[in-house]
Amino acid sequence: MDFLTDFTDLSGEFSVADIAISLTLSFVLSCVISLVYRRTHRNVSYSQSYVQTLIIMGMIIAMIMLIVGSNVARAFALVGALSIIRFRNALKETRDVGYIFLVMGVGMACGTRFYLLAVIATAVICLVLLIMHRFNWFAHNVQRQVVKVQVPAHEDMAGDIDDVLIRHTDEYEQVSIETIRGGALTEMTYTVRLKKGKNPSGLLGDLRDITQGQQVTVLTGYDQTDL
């Protein structure tokens with residue numbers, strides 16, 4: 001008991017009970033957020049390590065906020081200490097950044113003893129995430145393809161290529177043009193949206209007919225067709 005009393009006096013701002021509640025609540029809420037992340041994740045880039053990091057981060061932020069308290073000097077000291085940390089792992093999805101900020105916000109609320117705010121914010125935001133996942137909000141169903149056409153560098157085939165794209169697509173846009181193979185070939189890259197009833201194979205065939213047998217590639221959302 002003397003140890004606990006001395007510890008409380010040393011801190012001057014929080015007790016052992018505050019530490020226990022803040023860290024436990026931040027752990028529980030971070031676990032809830034992590035479960036929602038796992039439930040709503042759609043792509044193959046799911047990372048167990050990332051999810052575990054979310055939980056750890058929530059608890060660490062809570063601890064940092066307990067240390068800082070209302071002491072401005074501690075806040076500046078921690079900013080200086082943490083500024084030496086560099087993160088080199090690139091996040092694969094932009095929504096992953098949102099989850100990082102969410103657990104940071106929850107950790108800050110727990111560390112500053114805004115427990116009710118932390119619980120309500122976690123519940124509301126997780127509910128919004130689940131609703132957006134369930135009803136697939138803001139989905140864009142238009143699938144575009146990338147078309148790469150290689151032609152002899154000395155031939156001007158841009159007009160013929162445009163004619164083929166007009167026949168097969170609702171819209172298209174040239175995004176790049178570059179020389180390859182030591183300047184012997186020119187590679188033109190387009191983004192296109194195929195007309196209803198048209199398929200990549202037909203587009204490939206017509207393009208290959210006018211490129212003197214050079215390579216033509218169509219990249220779709222999931223497959224790559226190459227001739």
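## Exercises on a predicted model

Strands S2 (residues 169-180) and S3 (residues 185-194) run antiparallel and are joined by 10 bridges. The model is a predicted one, so keep that in mind as you work through the exercises below.

**Exercise 1. Find the residue in S3 that stands opposite glutamate 173, and the residue with a positive phi in the hairpin of S2 and S3.**

Step 1: Start from the pairing, in which S2 and S3 are antiparallel.
Step 2: Look across from glutamate 173, and you reach threonine 191 in S3.
Step 3: Now go to the turn, where four residues lie between the strands of the hairpin. Arginine 181 is the residue with a positive phi here, near 55°.

**Exercise 2. Two further residues, arginine 113 and asparagine 136, have a positive phi. Where does each one lie, and is each buried, partly exposed or exposed?**

Step 1: Recall the background: most residues other than glycine have a negative phi.
Step 2: Take arginine 113, whose phi is about 65°. Its place is the loop between helix H5 (94-111) and helix H6 (115-135). The relative accessibility of arginine 113 is 32%, so this residue counts as partly exposed.
Step 3: Turn to asparagine 136, with a phi near 55°. This residue sits in the loop between H6 and strand S1 (145-152). Asparagine 136 has 40% relative accessibility and therefore counts as partly exposed.

**Exercise 3. UniProt has an unreviewed entry with the feature "transmembrane region". Which residues does the feature cover, and what is the helix content of residues 20-37 and 97-130?**

Step 1: Read the record: UniProt places the feature at residues 20-37, 49-77 and 97-130.
Step 2: Check residues 20-37, which are 100% helix and 0% strand, with end C-alpha atoms 26 Å apart.
Step 3: Check residues 97-130, which are 91% helix and 0% strand. The end C-alpha atoms of this span lie 17 Å apart.
Step 4: Look inside the first span at leucine 29, found in helix H2 (residues 16-40). Leucine 29 has 7% relative accessibility, so it counts as buried. Its C-alpha atom is 9.9 Å from that of alanine 121, although the two residues are 92 apart in sequence.
Step 5: Glycine 105 is in helix H5 and, at 36% relative accessibility, counts as partly exposed. The C-alpha atoms of glycine 105 and glycine 58 are 8.1 Å apart, with their positions 47 residues apart along the chain.

**Exercise 4. Describe the lining of the second largest pocket.**

Step 1: Begin with the volume, about 380 Å³.
Step 2: Count the lining residues: there are 16, and those nearest the centre are Thr40, Arg42, Arg95, Met132 and His133.
Step 3: Trace the helices, and you find that H5 and H6 each supply at least two lining residues.
Step 4: Sort the lining by type, which gives seven nonpolar, six polar and three charged residues.

**Exercise 5. Which residues of helix H8 (residues 200-210) are buried, and why do they fall on the same side?**

Step 1: Pick out the buried residues of H8: Leu203, Leu204 and Leu207.
Step 2: These residues cover an arc of only 100° around the axis, and therefore they lie on the same side of H8.
Step 3: The general rule fits in here: an α-helix has 3.6 residues a turn, so residues three or four places apart point the same way.
Step 4: Finish on the other side of H8, where Ser201 and Asp209 are exposed.

Technical notes:
Residues are numbered from 1 along each chain as its sequence is written. This is a predicted model: local features need pLDDT of at least 70, side-chain atom pairs count only at pLDDT 80 or more; totals for chains, interfaces and linings use all residues. Side-chain values use heavy atoms; hydrogens and water are left out. UniProt positions are given in the numbering used here, feature names are shortened, and annotations may be inferred rather than shown by experiment. Buried means under 20% relative accessible area, exposed over 50%, partly exposed in between (1.4 Å probe, protein chains only). On a 1 Å grid over the protein atoms alone, a cavity is a set of points where a 1.4 Å probe fits but cannot get out, and a pocket is an open set with protein on both sides within 12 Å along at least five of seven lines; lining residues have an atom within 4 Å of a point. Grid points are joined across faces, edges and corners, and a volume is the space filled by probe spheres set on the points. Ala, Val, Leu, Ile, Met, Phe, Trp, Tyr, Cys and Pro count as nonpolar, Asp, Glu, Lys and Arg as charged, and the others, Gly among them, as polar. Two strands pair if DSSP finds at least two bridges between them. The arc is that of the directions from the helix axis to the C-beta atoms.
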